[in-house]
Amino acid sequence: MKIQIEDIVFGSLALISIVIWYFLLILSNSPFISILFLWISMIVISVLYIFFYRKKKRDKKLLRIRFLVSGIPIYPMMIYYVYKIIFDGGLPKDQRFLPLYVLLPALFINGIILLFYDIRKKN
């Protein structure tokens, strides 16, 4: 499995959406708008990624592993984040940047998995 251009493009799009989320969080009073943007952008990136995986007939097993590794930390964190904003009346100051601490390691782990598969296929 070779690292394809779409892996780099979609990883970059995810990083750009994290940067936009950060600026929206800083500029707006409500973290709900920023997390809504982040959640929608990550869903769109995921759907487009699946589309390109199918179009190029890439290994779906790798895609499932990558989404499993990402989904385990990301989606429960986002559900918790939205729950705290809507039902608990807001977030403590130390939890405002929680998505940053979960999404960046998830992207890093995705890259490691992709690199591992690339090295494994060469051997």
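What span should the 23 residues of helix 1 have at 1.5 Å a residue, and how far apart are its end C-alpha atoms? The expected span is 33 Å, and the end C-alpha atoms of helix 1 (residues 5-27) are 33 Å apart, which agrees; the expected span is 1.5 Å times one less than the number of residues. This is a predicted model, in which local features need pLDDT of at least 70 and side-chain atom pairs count only at pLDDT 80 or more, while totals for chains, interfaces and linings use all residues. Residues are numbered from 1 along each chain as its sequence is written, and side-chain values use heavy atoms, with hydrogens and water left out.

**Helix 1**
- Helices are DSSP runs (H or I, at least four residues) numbered from the N terminus.
- The buried residues of helix 1 (under 20% relative accessible area, 1.4 Å probe, protein chains only) include Phe10, Ile18 and Trp21.
- These buried residues pack against helix 2 (31-55), helix 3 (60-86) and helix 4 (98-122), where contact means heavy atoms within 4.5 Å.

**Helix 1 with helix 2**
- Two packed helices are described by the angle between their axes and the distance between the axes.
- The axes of helix 1 and helix 2 come within 8 Å and cross at roughly 170°; axes are lines fitted to C-alpha atoms over the stretch in contact, with angles from 0 to 180 degrees between N-to-C directions.
- Helix 1 is therefore roughly antiparallel to helix 2, a term for angles over 145 degrees.
- The residues of this contact divide into 18 nonpolar, 3 polar and 2 charged; Ala, Val, Leu, Ile, Met, Phe, Trp, Tyr, Cys and Pro count as nonpolar, Asp, Glu, Lys and Arg as charged, and the others, Gly among them, as polar.

**Helix 1 with helix 4**
- The axes of helix 1 and helix 4 come within 11 Å and cross at roughly 175°.
- These two helices are therefore roughly antiparallel to each other.
- By class, their contact has 10 nonpolar, no polar and 1 charged residues.

**Nonpolar core**
- A nonpolar core is a set of buried Ala, Val, Leu, Ile, Met, Phe, Trp, Tyr and Cys residues joined through side-chain atoms within 4.5 Å.
- The largest such core has 26 residues, of which Trp21, Ile35, Leu38 and Tyr81 touch the most other members.
- Helix 3 gives the largest share of this core, 8 residues.
- Tyr81 touches residues including Trp21, Leu25 and Ile35, not counting residues up to four places away in sequence.

Definitions and conventions. Buried means under 20% relative accessible area, exposed over 50%, partly exposed in between (1.4 Å probe, protein chains only). Angles under 35 degrees count as roughly parallel, over 145 as roughly antiparallel, 65 to 115 as roughly perpendicular and the rest as oblique.
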